[in-house]
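Visitor: Please take me inside this one and give me a close look at what is packed in there. I'm a first-year, so explain the terms as you go.

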Amino acid sequence: MTLSLFDQFSSPSFLGIPMILMALALPWLLIPTPTSRWLSNRVVSLQGWFIARFTNQLFLPLNVGGHKWAPLLASLMMFLLTLNMLGLMPYIFTPTTQLSLNLGLAVPLWLATVLIGMRNQPTHALGHFLPEGTPTTLIPILIIIETISLFIRPLALGVRLTANLTAGHLLIHLISSAVFVLMPMMPAVAILTAVLLLLLTMLEVAVAMIQAYVFILLLSLYLQENV
């Protein structure tokens, strides 16, 4: 039973080819692209409105130098959002449940924000390690703590996204299995469990959207400290 629960998170393969590559390419095929026509359809208009509102809210606290990251973070937001939403559909593998993929996205972007801060304003970037007015006896301890907190940021980004999606998929799997088992024995309890499953599915849709937003929001906060 334990193996069957976690088998859904193993990367499938077909003829020795990992299907995670197809899963990563699928969002870019489903996202509609703008056309050169004067009037576009409702889906493209809604997508443009969403990206514009999201970018405006995300980069409002940043100065002009940080606005260069808008295309990258907006594209990553749409990519993660589509992957998370597709993962809630039956028989579709969710790449964002893999910690290696999430760390592969988090570490380079976090490192880029740190390097930008070290290049543009090294005094301000290094000043985070030691606040002004710190007692002499606490200086080594604070430097160690701030260094650990700096290097734990990409790990927190990847683990947060992986843990939330994995826990949600496990709960959906467990409760749906309970519905099938209880249906012939206790139909009333099975119906109540099915209602609970419906509410949980709605919650997981919200979690899939929120976790993609939180991932990008934290990256923008890291960028805000270094630009």
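Guide: Let's start with the term we need most: a nonpolar core is a set of buried Ala, Val, Leu, Ile, Met, Phe, Trp, Tyr and Cys residues joined through side-chain atoms within 4.5 Å. "Buried" means under 20% relative accessible area, "exposed" means over 50%, and "partly exposed" is in between, using a 1.4 Å probe and protein chains only. Before we go in, remember that this is a predicted model, where local features need pLDDT of at least 70, side-chain atom pairs count only at pLDDT 80 or more, and totals for chains, interfaces and linings use all residues. Residues are numbered from 1 along each chain as its sequence is written, and side-chain values use heavy atoms, with hydrogens and water left out.

Now for the core. The largest nonpolar core has 31 residues, and the ones that touch the most other members are L76, L80, F215, I216 and L219. Helix 3 (42-59), helix 4, helix 5, helix 8 (153-182) and helix 9 each put in at least two residues. Helix 4 is the top contributor to this core, with nine. (Helices here are DSSP runs of H or I with at least four residues, numbered from the N terminus.) As for the general idea, nonpolar side chains tend to be buried together in soluble globular proteins.

Zoom in on L76. Which residues is L76 in contact with, once its neighbours within four places in sequence are left aside? They are L105, L109, F215, I216 and L219, where contact means heavy atoms within 4.5 Å. Three names on that list should ring a bell, since F215, I216 and L219 are also among the core residues that touch the most other members.

Stay on helix 4, which covers residues 70-86, and look for N84. Is N84 buried or exposed? N84 counts as buried because its relative accessibility is 1%. Its side chain makes a polar contact with the side chain of T96, at 2.7 Å. (A polar contact is a pair of N or O atoms within 3.5 Å; within protein, one must be able to donate a hydrogen and the other to accept it, and residues adjacent in sequence count only if both atoms are side-chain atoms.) Setting aside sequence neighbours within four places, N84 is in contact with T96, L161, L165, A208 and A212.

T96 turns up again when we hop over to T162, a residue of helix 8. Not counting residues up to four places away in sequence, T162 touches T96, T97, Q98, L99 and N102. With N102 there is also a side-chain to side-chain polar contact, at 2.5 Å. T162 has a relative accessible area of 11%, so T162 is buried too.

L161, one of the contacts of N84, takes us to a gap. On a 1 Å grid over the protein atoms alone, a cavity is a set of points where a 1.4 Å probe fits but cannot get out, and its lining residues have an atom within 4 Å of a point. Under that rule there is one cavity of 30 Å³ or more. The largest cavity holds about 30 Å³ of space, with grid points joined across faces, edges and corners, and the volume taken as the space filled by probe spheres set on the points. Its lining is made of L157, R160, L161, Q211, V214, F215 and L218. Helix 8 and helix 9 each supply at least two of the lining residues, and the largest share, four residues, comes from helix 9.

Helix 9 also holds L217. L217 is partly exposed because its relative accessibility is 29%. L217 and L58 are 159 residues apart in sequence, yet 6.8 Å apart in space, C-alpha to C-alpha.

L30, in helix 2 (residues 20-30), has a similar story to tell. L30 and T82 are 52 residues apart in sequence and 8.5 Å apart in space, C-alpha to C-alpha. At 49% relative accessibility, L30 counts as partly exposed.

Now try N63, in the loop between helix 3 and helix 4. N63 and S13 are 50 residues apart in sequence and 45 Å apart in space, C-alpha to C-alpha. N63 has 38% relative accessibility, so N63 counts as partly exposed.

Definitions and conventions:
On a 1 Å grid over the protein atoms alone, a cavity is a set of points where a 1.4 Å probe fits but cannot get out, and a pocket is an open set with protein on both sides within 12 Å along at least five of seven lines; lining residues have an atom within 4 Å of a point.
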